[in-house]
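Work through the exercises below with the sequence and the coordinates open. Try each task before you read its solution.

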Amino acid sequence: MSSTARAQSGRWRQLRQPAAAAALAWLALVLTGAVFASLLAPDNPAAADLNSVLAGPSAHHLLGTDALGYDVLSRLMYGGQTALIGVAEAVAVCLLVGVPLGLAAGYLGGWPDRVISRVSDLVLAIPAVIVLLVVVSIFASNQTAAMLMFGLLGAPVMMRITRASTLTVRGEQFIDAAWVSGLSQLRILRSHVLPRILSTVIVQISLFAPVALLMECTLCFLGLGPAPPQPSWGGAVYDASQVIQRDPWLLVPSGLVIAATILAFGIVGNALRDTSVAAWSPTQLSPKTKTKTKTKTKTKPKTQPAPGPDAGAAPGLLRLDGLTIEIPSRSGAAVTVVQDVSFSIGPGESVGVVGESSCGKTMTARGILGLLPGAGRVAAGRCWFDGQELTSLTPRQLNAVRGRKIGFVAQEPMVSLDPTGTVGGLIAEAVRHHRGGSRQQAHNRAIELLASVRLPEPAAVARRYPHQLSGGMAQRAAIALALAGDPALLIADEPTTALDVTVQDGILGLLHELRRERGLSILLISHDWGVVTDVCDRIVVMYAGQVVEQGSTEELFARPRHPYTEGLLAANPHLAQAQATLATIRGTVPAPAHWPAGCHFHPRCPYATQQCGQEAVPLVTAGPDSMSRCLHIDRVGTAGGRYAS
Amino acid sequence: MLSLIARRLVWALPLLLVVSALSFVLVSLVPGDPARAILGPDASQAQYLLLRRQLGLDQPLYLQYYDWLRGVVHGNLGISLFTGEPVTTILNQRLGVSLTLIAAALLVAAVAGVALGTLSAVRGGRLGRAVDAVAMLGLAVPSFWLALLLIAVFAVGVPLFPATGWVPFSTSPAGWLHALVLPVATLAFSALTIIVVQTRDAMLDVLSRDFIQVLRANGFPARSILLRHALRNAAIPVVTVLGIIFIGLLTATVLVETVFALPGLGSQAVEAATQHDLPVIQGEVLYFTVIVVLVNLLTDVAYGLLDPRVRVR
């Protein structure tokens with residue numbers, strides 16, 4: 001897998017634009033030709049010229065003449081009228097009937113779903129083509145009746161697809177959340193469900209419109225459209241088929257016009273879909289792309305690398321050394337999201353990375369694993385793990401590190417396991433991949449792993465599917481999965497954030513025990529002090545892509561040496577004194593493209609002086625087991641109530 | 001799962017009743033009188049009335065329907081107004097031809113479509129665009145036109161395959177295969193696009209989900225992530241679409257069988273409709289409906305097998 005959905009769809013958008021423009025232009029041309037046929041057509045479509053029968057293209061007849069001497073171009077222009085009207089009729093009926101019913105069925109469930117699904121099954125079970133044949137016979141050669149009926153017969157497909165994607169969205173927890181928080185059903189449908197299923201509906205229209213055109217042409221081809229000699233596209237193909245050996249040319253204009261118009265519908269539909277998909281598709285992890293990014297490296301790390309291996313750390317199992325990560329923005333310029341990050345984790349040690357959202361915590365973890373989103377890349381720095389330098393490994397070598405040496409646990413347990421397989425099967429697959437052995441051995445090992453994460457009845461859990469587990473159980477299973485390769489380091493990215501408070505403690509206790517039993521090192525990413533202080537020996541505080549302070553947990557609590565740490569501690573509800581007003585840090589974390597010059601924190605800092613905004617601040621030793629990136633280390637802590645609001 | 005199948009089958013009975021009643025009414029609206037059509041313009045009024053009575057056409061519609069239903073229960077769908085053969089005999093002969101065509105086309109289209117759609121989702125770039133272009137052509141080229149082109153090139157131009165006609169398997173397996181190539185190619189090509197597009201979309205969607213990231217982060221091999229986990233998840237929407245495509249192909253056989261002059265259900269339907277052969281049309285409706293019901297059932301079963309969240313409900 002060498003590229004990602006996101007990078008690809010971005011590329012698609014760019015490369016497809018000319019095609020979409022050409023398709024739109026063609027549709028406009030067909031539309032103009034059809035609407036203004038009476039003005040633009042070079043010839044009377046019903047004027048048979050028996051003196052020039054089956055004449056090839058000429059100045060007078062641009063596309064030649066057919067077996068009765070009709071001008072082919074003129075007939076195609078007039079034929080376009082009936083074709084396009086027929087498509088519009090069918091699509092309108094299909095949409096107006098299919099989408100509301102699909103939404104209702106998928107969202108409401110229960111009896112509306114049953115009734116709608118049954119009726120739609122019924123309509124789907126009606127042999128469409130026979131009905132159309134019958135309709136055309138009843139309303140002799142009335143194309144409108146046939147196309148309206150075709151739209152109606154196509155509606156159940158639209159309804160099913162709308163229903164299926166509504167069900168998917170409905171099953172996601174945020175809908176329940178929206179419902180619980182009291183949003184009205186219609187509001188949820190409109191603002192949460194409809195946008196998510198829009199792309200599916202657009203894809204379906206882009207598939208149905210050409211099918212409707214095809215059906216229109218088919219009826220005409222079978223001689224069931226407007227009665228000859230009235231012009232139609234399908235009829236033109238039929239006329240050509242009668243003289244296929246004498247004049248194969250005649251097959252070309254009619255067939256190509258039909259094919260090109262259908263193609264144009266499809267291309268426009270695809271372009272629409274790509275934009276709507278890109279609007280909400282989440283970022284995606286991917287192996288480091290091999291292709292060179294075309295972006296100019298605008299932002300170079302301006303700060304000095306941290307002075308040597310950090311103070312007091314054990315010889316690192318994992319050691320980051322000036323890690324800098326860049327991600328190309330939409331405009332193509334590289335944006336630095338992680339800058340000059342250095343810290344290390346010793347064997348059996350547990351380190352917490354703390355900071356507000358979008359401070360670069362997760363990106364750092366992804367950088368270690370070589371799974372940066374899109375065309376993100378490590379722009380500078382090194383990442384040593386157990387003697388190996390990870391950033392210089394090939395994707396294959398890196399994949400051998402993942403799982404076997406470093407395990408990974410994600411935030412959302414309910415969506416981090418493959419929903420289509422059993423938990424045991426998934427873990428057994430990981431065991432077999434990392435450790436080999438027979439299926440039976442792997443299965444037994446999977447059950448052992450499930451037992452080791454303290455899941456009761458591990459054999460029964462192994463047979464279950466992820467959706468049959470509670471959040472806490474699923475997170476334990478996800479930890480078991482991460483341990484399948486017996487890694488030395490476990491990276492846990494907000495492993496408790498999505499869980500109930502009561503369940504959180506259990507997971508943290510489990511991490512504790514795993515550490516003790518296996519000598520596992522843990523890199524725990526969190527925005528929650530309670531979580532990291534429970535588990536971690538040392539803490540790394542990150543702000544706006546940089547490490548601003550690191551030190552032992554006790555030292556950091558006793559004496560924060562960076563204003564941001566001080567502010568975070570003051571703002572923490574777990575540590576606040578009863579009845580005291582909870583302090584806040586004013587402002588928000590700036591986006592990576594808008595980091596201020598100098599100290600990244602100075603616009604929000606109560607200690608800031610003019611000097612802070614001028615030069616990049618280096619990370620320096622600030623105490624026996626402490627480093628800080630601040631010009632005013634000595635003053636930190638003196639502000640007292642300055643953070644209190 | 002068994003109860004799902006049972007419920008579906010129980011539901012199928014009223015469904016068949018309603019659909020056949022509806023079509024009975026629709027077909028009765030078709031202008032023209034079968035008795036008149038059989039006898040031709042020169043027959044006397046007495047002959048005409050006699051034939052109408054023999055055919056049961058003088059009775060009210062609901063009685064005609066009731067008689068027909070009674071026959072269905074006994075496996076008797078009546079007798080063709082034109083050939084005088086039992087309708088079941090005619091349709092059973094033709095059922096095999098249509099099913100063979102559809103099954104072969106579906107197989108070819110599914111294998112090629114899933115492979116191409118996955119390729120397009122994963123590789124993107126120039127290869128993805130080439131796949132998209134080919135897939136798009138499948139939708140754009142009208143099957144009757146493609147059929148004519150194939151005939152023009154591979155039957156008339158370079159006589160590799162027969163232009164029209166059917167060879168029973170029992171007569172000559174090689175000839176059977178030979179005769180199948182062009183119609184199956186035509187049908188499969190038309191079904192390809194939807195499978196490719198749905199596969200690609202589903203794959204792109206699945207590949208952007210969290211669990212794929214977790215699998216990557218825990219060192220699952222790329223091949224397993226793609227072929228086992230992503231494809232299994234992506235298969236759910238694709239299988240739903242396969243059922244729809246089967247039904248689409250059933251419709252397409254009408255055209256393809258007509259162009260290639262194959263003795264299937266589809267070409268028989270066109271024939272019967274133009275001849276006002278009421279019992280045959282009714283039989284066609286019944287056969288088509290039963291096929292559609294069975295395909296929908298199979299789709300549901302496959303859906304349940306693939307998606308455990310559906311299975312338990």
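## Exercise 1: Chain B in outline

Chain B holds 13 helices and zero strands. The model is predicted.

**Task.** Describe the pattern, the extent and the burial of chain B.

**Solution.**
- Step 1. Read along the sequence. The pattern is α-α-α-α-α-α-α-α-α-α-α-α-α.
- Step 2. Take the principal axes. The C-alpha trace of chain B spans about 85 × 55 × 35 Å along them.
- Step 3. Check burial. Of the 313 residues in chain B, 47% count as buried.
- Step 4. Look at contacts with a separation of 6 or more. In chain B, 71% of these join residues 24 or more positions apart.

## Exercise 2: The interface between the chains

**Task.** How many residues of chain A are in contact with chain B, and which helix of chain A gives the most?

**Solution.**
- Step 1. Count both sides. Chain A contributes 72 residues, in contact with 67 residues of chain B.
- Step 2. Find the leading element. Helix H5 (residues 128-138) of chain A gives the most to the side that touches chain B, with eight residues.
- Step 3. Sort the chain A side by class. It has 46 nonpolar, 19 polar and seven charged residues.

## Exercise 3: Testing a helix length

**Task.** Compare the expected span of helix H3 (residues 72-108) of chain A with the distance between its end C-alpha atoms.

**Solution.**
- Step 1. Start from 37 residues and 1.5 Å a residue. The expected span is 1.5 Å times one less than the number of residues, so H3(A) should span 54 Å.
- Step 2. Compare with the model. The end C-alpha atoms of H3(A) are 53 Å apart, which agrees.
- Step 3. Add burial. H3(A) is mostly covered, with 26 of its 37 residues buried.
- Step 4. Look past the end. Gly109(A) follows H3(A) and has a positive phi, near 60 degrees.

## Exercise 4: Building the open sheet

**Task.** What is the strand order of the four-stranded open sheet in chain A, and which are its edge strands?

**Solution.**
- Step 1. Set the order. The strands run S2-S1-S4-S5 in chain A, with antiparallel pairing.
- Step 2. Find the edges. S2 and strand S5 (388-389) of chain A each pair on one side only.
- Step 3. Join S1(A) to S2(A). Eight bridges link them in the antiparallel sense. Pro328(A) has Ala334(A) in S2(A) as its bridge partner.
- Step 4. Inspect the turn. S1(A) and S2(A) form a hairpin with five residues between them, and Gly332(A) in that turn has a positive phi of about 105 degrees.
- Step 5. Join S1(A) to S4(A). Seven bridges connect this antiparallel pair. Thr324(A) is partnered by Ala380(A) in S4(A).
- Step 6. Join strand S4 (residues 377-385) of chain A to S5(A). Two bridges hold this antiparallel pairing, and Trp384(A) stands opposite Glu389(A) in S5(A).
- Step 7. Judge burial of S1(A). Nine of its 11 residues are buried, so S1(A) is largely enclosed by the rest of the structure.
- Step 8. Place the helix. Helix H11 (residues 361-369) of chain A lies across strand S1 (318-328), S2 and S4 of chain A, at about 75 degrees to S2(A).

## Exercise 5: Where two domains meet

**Task.** Which elements supply the side of domain 2 of chain A that touches domain 3 of chain A?

**Solution.**
- Step 1. Set the bounds. The domain assignment gives domain 1 (28-279), domain 2 (339-536) and domain 3 (539-640) of chain A.
- Step 2. Locate the centres. The C-alpha centres of domains 2 and 3 of chain A lie 29 Å apart.
- Step 3. Count the contacts. In chain A, 21 residues of domain 2 are in contact with 17 residues of domain 3.
- Step 4. Name the suppliers. Strand S2 (334-345), strand S3 (350-354) and helix H18 (529-535) of chain A each supply at least two residues of the domain 2 side. S2(A) gives the most, with five residues.
- Step 5. Sort the domain 2 side by class. It has nine nonpolar, nine polar and three charged residues.

## Exercise 6: Positive phi outside glycine

**Task.** Are Glu494(A) and Ala544(A) buried or exposed?

**Solution.**
- Step 1. Read the angles. Phi is positive in Glu494(A), near 50 degrees, and in Ala544(A), near 45 degrees.
- Step 2. Place Glu494(A). This residue is in the loop between strand S7 (489-493) and helix H17 (501-518) of chain A.
- Step 3. Place Ala544(A). This residue is in the loop between strand S9 (538-543) and strand S10 (546-552) of chain A.
- Step 4. Apply the cut-off. A residue is buried if 20 or more other C-beta atoms lie within 10 Å of its own.
- Step 5. Decide. Glu494(A) has 20 C-beta neighbours inside 10 Å, so it counts as buried. Ala544(A) has 25, so it also counts as buried.

Notes. Residues numbered from 1 in each chain as written. Chains lettered and ligands numbered in written order. Predicted model: local features only at pLDDT ≥ 70, side-chain atom pairs only at ≥ 80, totals over all residues. Contact = placed C-beta atoms within 7 Å. Nonpolar A, V, L, I, M, F, W, Y, C, P; charged D, E, K, R; others polar. Buried ≥ 20, exposed ≤ 12 C-beta atoms within 10 Å, placed from the backbone. Domains from an automatic or database assignment. Pairing = 2+ DSSP bridges. Axes fitted to C-alpha atoms, helices over the stretch in contact; angles between N-to-C directions.
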